[in-house]
Amino acid sequence: DQPSTRHPLTPDAISAYDGACHVLLDNWTGSSTVPSRGLYPHQWSWDSGFIAIGRRHLSPPRAQQELETLLAAQWGDGRIPHIVFNPEVPLDAYFPSPDFWHSTTAGRGAGAGAPRHVETSGIVQPPIHALAAWLVHRADPDTSRRRGFLPRVHPRLVAWQRYLTERRDLGGHGLAAIVHPWESGMDNSPSWDQPLAAVPPAAPGSFTRADLAHGAPCDRPTDLDYRKYVRLALDYRDHGYRDDLAPHPFAVEDPAFNALLIASEHALAEIAMEIGEDPSDHLVRAETATTALRKRLWDEEAGQFFSYDVRAGAPVRERSAAGLIPLIVPGLPEHISDALIATMTGPHFGLGTATTLVPSYALTGAAFDASRYWRGPAWFNVNWLLERGLRRYGAARRAAALRAAMLRAATDSRFTEYVDPYTGAARGSRAFGWTAALTIDLLA
Ligand code: 9WN
């Protein structure tokens, strides 16, 4: 972790802290936190990572429980499912629900070792978890040691990372591939348009979207996107979620996903040392993956990383903010970190000139849309990662300005899910879990 700066407790900071605490209290279910009460009434994988990072300042035991509830739903093959369903929530509250994934029924998840005691989805999300566990430990090492937190989670986190580096290395170049746009956490990013082009959509009317009851259609993915999401998930399910058997018509190496994988491998090295184990395997793996990330996804001319479409055997030259997120990876050569910062602050992403927060997709991109989900709006988790990256690579002034802009946007928007990058107007659902949690982390 980076050394933290102490921030003054101004009246604005106190009110932001207070508002964010209320969101986390309201979204707590007793064992984990929902991203939002209406739109996302279950536990999501990477949301819980970000939420634990904020919660560690309020209640280290609850932050630990957040992660352990998620890890208790881990599959036998090591995957951490992207959703852990709450059995008390009606099936029609969220689509796709447990009767779509069938993780525990009809033998769908059995071959990949789906747990029997809880319903989950069968796909994954970006691996922020080992990083989150390490940061949670650091917030209160005594409580963590007393409760045996790290020795308990370490084997599960190792199995999770191994699942990704071994079973998901579909391209054979040492990077993990996602097999569904939902796995990126950036569902309708323009980076998925090309890899999705050949995927046949599910029949219209073959399912009912629940999201449109909570969000404006112009802020959400389109129906055609959803029909492709459904088709891909059903194909995977019908192959028992087995990576050795499923055809994976969508297979993409995403720079943000792999950057988090690397950051988590470094965190595993710290965790190993803390619990008296040898960290060297983790460090070697982190270095190997960093080399692969640079070789395969870095684009010198563009000054950012691009996704790689494994099926097409070609990079996807779309400027998504995912291509800046490797700034969180330790040990990048200066020419790469400098170029990432220049791209972030140049005309494409406009940080500090056209915008105060980094948009999810370049302002100059052909597919840019200021309100549609991951096609332009600014997201708090992305900006939180970039703020860490700026500090890591010595851009302290820029990091401080980004932090101040995030705090303002989070409180002005009542902790909304995402904002219009030009106007700061609130989009998606309010009282969103990671927006509140990361506000607390920035204030701590
Ligand atoms: C599908 C919960 C999740 C986030 C994702 C975000 C959105 C789900 C959806 O919500 O995805 O997983 O239904 O749109 O894209 O990043 O984890 O907050």
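How many bridges join strand 7 to strand 8, and which way do the two strands run? Strand 7 (residues 307-309) is joined to strand 8 by 3 bridges, and the two run antiparallel. Strands here are DSSP runs of E of at least two residues, helices are DSSP runs of H or I of at least four residues, and both are numbered from the N terminus. The model is a predicted one, in which local features need pLDDT of at least 70 and side-chain atom pairs count only at pLDDT 80 or more, while totals for chains, interfaces and linings use all residues. Residues are numbered from 1 along each chain as its sequence is written.

The pair belongs to an open sheet of 4 strands, in the order 3-4-7-8, with antiparallel pairing. Strand 3 (177-178) and strand 8 (314-316) are at the edges with a single partner strand each, so one side of each has no neighbour in the sheet. Two strands count as paired if DSSP finds at least two bridges between them. Within the pair of strands 7 and 8, Ser 307 stands opposite Val 316 in strand 8.

A further open sheet holds 3 strands in the order 9-10-11, and its pairing is antiparallel. Its edge strands are strand 9 (378-379) and strand 11 (426-427), each of which pairs on one side only. Strand 10 (residues 418-419) is joined to strand 11 by 2 bridges, and these strands run antiparallel. Here Val 419 stands opposite Ala 426 in strand 11.

After strand 11 the reader can look at Ala 431, which lies in the loop between strand 11 and helix 15 (433-443). Its phi is near 50°, a positive value in a residue other than glycine. Ala 431 counts as buried because it has 22 C-beta neighbours inside 10 Å. The cut-offs are as follows: a residue is buried with 20 or more other C-beta atoms within 10 Å of its own, exposed with 12 or fewer, and partly exposed in between, the C-beta atoms being placed from the backbone. Tyr 241 also has a positive phi, of about 55°, although it is not a glycine. Tyr 241 sits in the loop between helix 9 (223-238) and strand 4 (252-253), and it is buried, with 28 other C-beta atoms within 10 Å.

Two prolines are found in other loops. Pro 96, in the loop between strand 2 (83-84) and helix 4 (98-101), is joined to Phe 95 by a cis peptide bond with omega of about 0°. Pro 200 is in the loop between helix 8 (193-196) and helix 9. Pro 200 is exposed, because 11 other C-beta atoms lie within 10 Å. Pro 200 and Leu 232 are 32 residues apart in sequence, and their C-alpha atoms are 8.8 Å apart in space.

Among the helices, helix 12 (residues 334-345) has 12 residues and reaches 16 Å from its first C-alpha to its last. That is close to the 16 Å expected at 1.5 Å a residue, where the expected span is 1.5 Å times one less than the number of residues. Its buried residues are Ile 336, Ser 337, Ala 339, Leu 340, Ile 341, Thr 343 and Met 344. They pack against strand 5 (298-299), strand 6 (304-305) and helix 13 (380-392).

Helix 5 and helix 10 can be taken together. His 137 lies in helix 5 (residues 129-139) and is buried, with 24 other C-beta atoms within 10 Å. Leaving aside neighbours within four places in sequence, His 137 is in contact with Ser 144, Phe 149, Leu 150 and Glu 274; contact means C-beta atoms, placed from the backbone, within 7 Å. Glu 274 is in helix 10 (residues 255-274) and is partly exposed, with 18 other C-beta atoms within 10 Å. Glu 274 and Pro 141 are 133 residues apart in sequence and 9.9 Å apart in space, C-alpha to C-alpha.

The ligand is surrounded by Pro 35, Tyr 40, Trp 44, Trp 46, Asp 47, His 82, Trp 182, Gly 185, Asp 187 and Asp 211. A residue is near a molecule if its C-beta atom, placed from the backbone, lies within 6 Å of it. The shell around the ligand divides into 5 nonpolar, 2 polar and 3 charged residues. Ala, Val, Leu, Ile, Met, Phe, Trp, Tyr, Cys and Pro count as nonpolar, Asp, Glu, Lys and Arg as charged, and the others, Gly among them, as polar.

Notes: Two residues are in contact if their C-beta atoms, placed from the backbone, lie within 7 Å.
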